Amino acid sequence: MVPVTTGGDDLILPFQIEASGLRGRLVRFGPLLDDILARHAYPEPVAHLLAETVVLTALLASALKYEGVFTLQAKGDGPVRLVVADVTADGAIRANAMFDKARLVDPDSPGTATTVPALLGKGHLAFTVDQGQDTERYQGIVDLSGETLWECVQHYFRQSEQLQAGLRSAVRHGETGWRGGGIMLQRLPDPDKQVPTDREDDWRRAMVLLGSATDDELTQPALSGEALLFRLYNEDGVRVFPPQPMRFSCRCSRERVASMLKSMPKAEIESLAVDGRVEVACEFCNSRYDFDRDQLAALYNA
């Protein structure tokens, strides 16, 4: 394949390695990642961890066929209690982090550790696919085991008998803002568990080449996704399919907040009021919804 640059950040690029038939996805984030992180004043290490969560969420969701919402979240007992991102089937993504700044070591220092043990501590990683009330909710859980979140996800794949996949991701913050990128390879398990030697060799070769991708290559704006795939897999032939754009979108609304307040005991709402007003901020997009006395009274009496 001769690489043809589509210009592109904030997209998912499906591809296939022709010699082996292995399928994969490449994701690239640029301005969209900046937009997501800028909605909250995250300290640098927290923003780095959440950026990695966004990249992995897009990668993992792109490998699934679903209608609804895919969610990736990591919970731990460290300074960062939670990082979570979710994406809809049509590419609308959002993310949020909860943390205790007092427990972060030098949170504003560029050299502060951004590893999973340093920020999340001990905990677990959860994958959830929610396709609505009439379908069964799927969830996979794995202990946090690795220096980075992508290593924790890779640990999950090694334990899974249903999903054989490998991935590599990276994020960075520089003069052009936040950038992120990742590649995921996937193969279907053999129902007879009898994999021909040449296919196993193809998989190992593809994984070795994937592991050779550097952080700079994964996040470099001057290197297109097509060019990176060509650099890695040109000897085996690589076919790139049309990209799938990503965008930010939050599902919060004044109506949803009003419904949530209406479900709470009146005394609890009154305890939250300041000068008779209640303000609710969305944890994802930071939009704020204000309700005065008359509006709250209308909720009680509805």
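Six strands make up an open sheet with mixed pairing, in the order β7-β6-β3-β4-β5-β12. The edges belong to β7 (138–143) and β12 (247–248). Each edge strand has a single partner, so one side of each lacks a neighbour in the sheet. This is a predicted model. The protein chain has 302 residues, and 46% of them are buried. Its secondary structure comes to 10 helices and 14 strands.

**Around the six-stranded sheet**

- Strand β6 (residues 123–130) runs antiparallel to β7, and six bridges join the two.
- Within that pair, T128 of β6 stands opposite Q139 in β7.
- Helix α2 (residues 44–62) packs on the sheet. The helix touches β3 (69–76), β4 (80–88), β5 (92–99) and β6.
- The direction of α2 makes about 35° with that of β4.

**R81 in β4**

- R81 lies in strand β4.
- Is R81 buried, exposed or partly exposed? R81 is partly exposed, because its relative accessible area is 39% and the partly exposed class lies between 20% and 50%.
- Leaving out residues up to four places away in sequence, R81 touches A74, K75, G76, M98, F99 and D100.
- R81 and A97 are 16 residues apart in sequence. Their C-alpha atoms are 7.8 Å apart in space.

**Strand β1 and its partners**

- Strand β1 (residues 11–17) is mostly covered, with seven of its seven residues buried.
- In a regular strand, side chains alternate between the two faces of the sheet.
- L11, L13, F15 and I17 point one way from β1. I12, P14 and Q16 point the other way. Residues on both sides of β1 are buried.
- β1 runs antiparallel to strand β2 (residues 22–29), and seven bridges join them. I17 has L22 as its bridge partner in β2.
- The two strands β1 and β2 form a hairpin, with four residues between them. In the turn, G21 has a positive phi of about 75°.
- β1 also pairs with strand β11 (residues 244–245) in the antiparallel sense, over two bridges. Here I12 stands opposite Q244.
- Strand β10 (residues 238–240) is antiparallel to β1 and joined to it by three bridges. The bridge partner of I17 in β10 is V238.
- I17 therefore has a bridge partner in β2, L22, and one in β10, V238.

**Packing of α8 and α10**

- Two packed helices are described by the angle between their axes and the distance between the axes.
- Helix α8 (residues 254–262) packs with helix α10 (residues 293–301) at an angle of about 65°. Their axes are 9 Å apart.
- The crossing of α8 and α10 is right-handed.
- Which residues of α8 meet α10? R254, A258, L261 and K262 do, and their counterparts in α10 are Q295, L296 and L299.
- By class, this contact has four nonpolar, one polar and two charged residues.

**Contacts along the chain**

- Take the contacts between residues at least 6 apart in sequence. Of these, 63% join residues at least 24 apart.

**Confidence**

- The protein chain averages a pLDDT of 88. At least 70 is the score of 90% of the residues.
- Over residues 1–6 the pLDDT is below 50. Beyond near neighbours in sequence, this stretch has 13 contacts in the model.
- Where pLDDT is low, the predicted coordinates should not be read in detail.

Key:
Residues are numbered from 1 along each chain as its sequence is written. This is a predicted model: local features need pLDDT of at least 70, side-chain atom pairs count only at pLDDT 80 or more; totals for chains, interfaces and linings use all residues. Side-chain values use heavy atoms; hydrogens and water are left out. Axes are lines fitted to C-alpha atoms, for helices over the stretch in contact, and angles run from 0 to 180 degrees between N-to-C directions. A crossing is left-handed if the near helix is turned anticlockwise from the far one by less than a right angle, and right-handed if clockwise. Contact means heavy atoms within 4.5 Å. Ala, Val, Leu, Ile, Met, Phe, Trp, Tyr, Cys and Pro count as nonpolar, Asp, Glu, Lys and Arg as charged, and the others, Gly among them, as polar. pLDDT is the predictor's confidence in each residue, from 0 to 100. Buried means under 20% relative accessible area, exposed over 50%, partly exposed in between (1.4 Å probe, protein chains only).
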